[in-house]
Amino acid sequence: MDKNFQEEFTQIIKFNPPLYKQRHQFVKDLVEKYKPKKVADLGCADCSLLRMLKFCSCIEVLAGLDICADVMKEKMYTLSPLPVDYLQPSERSLTVTLHHGSVAHKDPCMLGFDLVTCIELIEHLEEPELKKFPEVVFGFMAPRMVVISTPNSEFNPLLPGVMLYRHPDHKFEWNQAQFQSWALETARCYDYSVEFTGVGQPPTGMEKAGFCTQIGIFVRKYSQTGESVQCEKPTEAVYKTVFKAVYPSLKDEKYLQNAVISEVIFTAQIIKHRLISKHAEYGDDPERKSKFQPSMDCFTNYLGKVVVEKNMEPFVSGNEVYIPLATIFSFPKVNRLCGTFEKLCKLIAGKVTLSSDGSAVMFNIEHENEEN
């Protein structure tokens, strides 16, 4: 719904944060608690909730649905990856999709979600749509959890300027008993449990009015079998996809390879610079050189701990510096990115200059010596 339209009627109550932000924060808190991987927002409008949820690290699939394509298109660009997402890809995958369609219709693209949110949606539905809504959401989509929020009409007398409904597009507004009756019957029909809460506290002394926004949290009682969903699956898609963004992820081999190569070169370069400075200080004196165990400030202190075997020790030979891959692999970030030493070797093969036996990163420092 139009946030500005509603907030102008709630200024005297002075909800802080504004009521729409409280609703969004409520959903975000649920996501952080239950860690759903796939979340769909029905009636997503200007995508403001989706923009908040895309930063939740547990979510890998995010979908929005709205009957008004123009409203979504105005803000859908805000769901696109930023340049920093390509420079520093996340370890998780994330796909964001927006669909144009009605919540009264079934579409296979909405199957398999863990959480479905319907924030200030149902009061905008005509009676025929409202009758179909439970079967679509709870019967067909059957997510593990559904969150539905709707205005509490008992709060309306406290809102200046509200004569009948809070928004001209509302088809109805339920009091607490009406919403709870509908929600309990819906939960019973589709094997869900439901708990009631809300956001927007009433003023002191008016507690009986209840929350300004009433919320039902539905949780499916039993696991949905693949067969029961498949038998109802429509043969054709009815929604139109208006936006799709696939974020760069380290689960994608090309982004992982770039990240590993960058980290390997970065690590090897720092080791090389410290090694060259030590080599210049000690020269070729074997006795003095034997005293060298790399312990290079906060970064290379770690190197001194991992270089415990001779074949892991970086060394200079003429104009060439050799940094063993075993040493580089021992650093936490490289280790975490690759997982195995074999994976490291595979990812950098042909992309990083290695020694003849492939065991070390090799740098030629002839030009560096000339400059010095």
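Helices (H or I, at least four residues) and strands (E, at least two) are DSSP runs, numbered from the N terminus. With that in hand, welcome to a set of close-up views of a predicted model.

**Figure 1. The whole chain, before we zoom in, has 15 helices and 11 strands.** The protein chain has 372 residues, and 46% of them count as buried. About 19,300 Å² of the chain is exposed, with carbon and sulfur atoms supplying 52% of that area. Take the contacts whose partners have a separation of 6 or more: residues 24 or more positions apart account for 73% of them. A search of the whole structure also turns up 10 salt bridges, and a few of these appear in later views.

**Figure 2. Helix H7 has a buried side and a face turned away from it.** How many residues does H7 have, and what should they span at 1.5 Å a residue? There are 14, with an expected span of 20 Å, and the end C-alpha atoms are indeed 20 Å apart, which agrees. Look for Phe 179, Trp 182, Ala 183, Thr 186 and Ala 187, which are buried in H7. Around the axis they cover an arc of only 130°, so they sit on the same side of H7. Their cover includes helix H6 (127-141), strand E5, strand E6 (192-199) and strand E7 (213-220). On the face turned away from the buried side you will find the exposed residues Ala 177 and Arg 188.

**Figure 3. Within helix H7, Glu 185 and Arg 188 form a salt bridge.** Side chains of opposite charge can pair when their charged atoms come close. Here the N to O distance is 2.6 Å. The two residues are three apart in helix H7, about one turn of the helix. Are the partners buried or exposed? Arg 188 is exposed, because its relative accessible area is 56% and the cut-off for exposed is over 50%. Glu 185, at 39% relative accessibility, counts as partly exposed.

**Figure 4. A salt bridge joins Lys 343 and Glu 253.** The closest N and O atoms are 3.4 Å apart. This pair links distant parts of the chain: Lys 343 belongs to helix H14 (residues 341-348) and Glu 253 to helix H9 (residues 253-282), 90 residues apart. Lys 343 is partly exposed, with a relative accessible area of 24%. Glu 253 also counts as partly exposed, at 36% relative accessibility.

**Figure 5. Helix H9 also holds Glu 263, which forms a salt bridge with Lys 333.** In this pair the closest N and O atoms are 3.6 Å apart. Glu 263 lies in H9 and Lys 333 in helix H13 (residues 332-338), so the bridge ties together parts that are 70 residues apart in sequence. Is Glu 263 buried or exposed? Glu 263 is buried, because its relative accessible area is 15%, and buried means under 20%. Its partner Lys 333 is partly exposed, with a value of 42%.

**Figure 6. Met 163, Leu 164 and Tyr 165 make a nonpolar surface patch.** The patch measures about 380 Å². Tyr 165 can be found in the loop between strand E5 (145-151) and helix H7 (176-189). Tyr 165 is partly exposed, with a relative accessible area of 31%.

**Figure 7. Lys 131 stands out in helix H6 as an exposed residue.** Its relative accessible area is 62%. Now find Ala 104, which is 27 residues away from Lys 131 along the chain. The C-alpha atoms of Lys 131 and Ala 104 are separated by 8.3 Å.

**Figure 8. Three loops show some backbone geometry to look out for.** Most residues other than glycine have a negative phi, and most peptide bonds are trans.

- The peptide bond from Asn 16 to Pro 17 is cis, with omega near 0°. Pro 17 is in the loop between helix H1 (3-7) and helix H2 (19-34).
- Ala 45 is not a glycine, yet has a positive phi of about 50°. This residue is in the loop between strand E1 (38-42) and helix H3 (48-53). Ala 45 is buried, with a relative accessible area of 18%.
- Glu 120, also not a glycine, has a positive phi of about 55°. The loop between strand E4 (115-119) and H6 is its home. Glu 120 is buried, with a relative accessible area of 4%.

Notes: Residues are numbered from 1 along each chain as its sequence is written. This is a predicted model: local features need pLDDT of at least 70, side-chain atom pairs count only at pLDDT 80 or more; totals for chains, interfaces and linings use all residues. Side-chain values use heavy atoms; hydrogens and water are left out. Patches are made of residues with over 30% relative accessible area and no salt bridge: like charges are joined within 9 Å, nonpolar side chains (Val, Leu, Ile, Met, Phe, Trp, Tyr) within 5 Å. Accessible areas come from the Shrake-Rupley method with a 1.4 Å probe; for residues, only the protein chains shown count as cover. A salt bridge is a side-chain nitrogen of Lys or Arg within 4 Å of a carboxyl oxygen of Asp or Glu. Buried means under 20% relative accessible area, exposed over 50%, partly exposed in between (1.4 Å probe, protein chains only). The expected span of a helix is 1.5 Å times one less than its number of residues. The arc is that of the directions from the helix axis to the C-beta atoms. Contact means heavy atoms within 4.5 Å.
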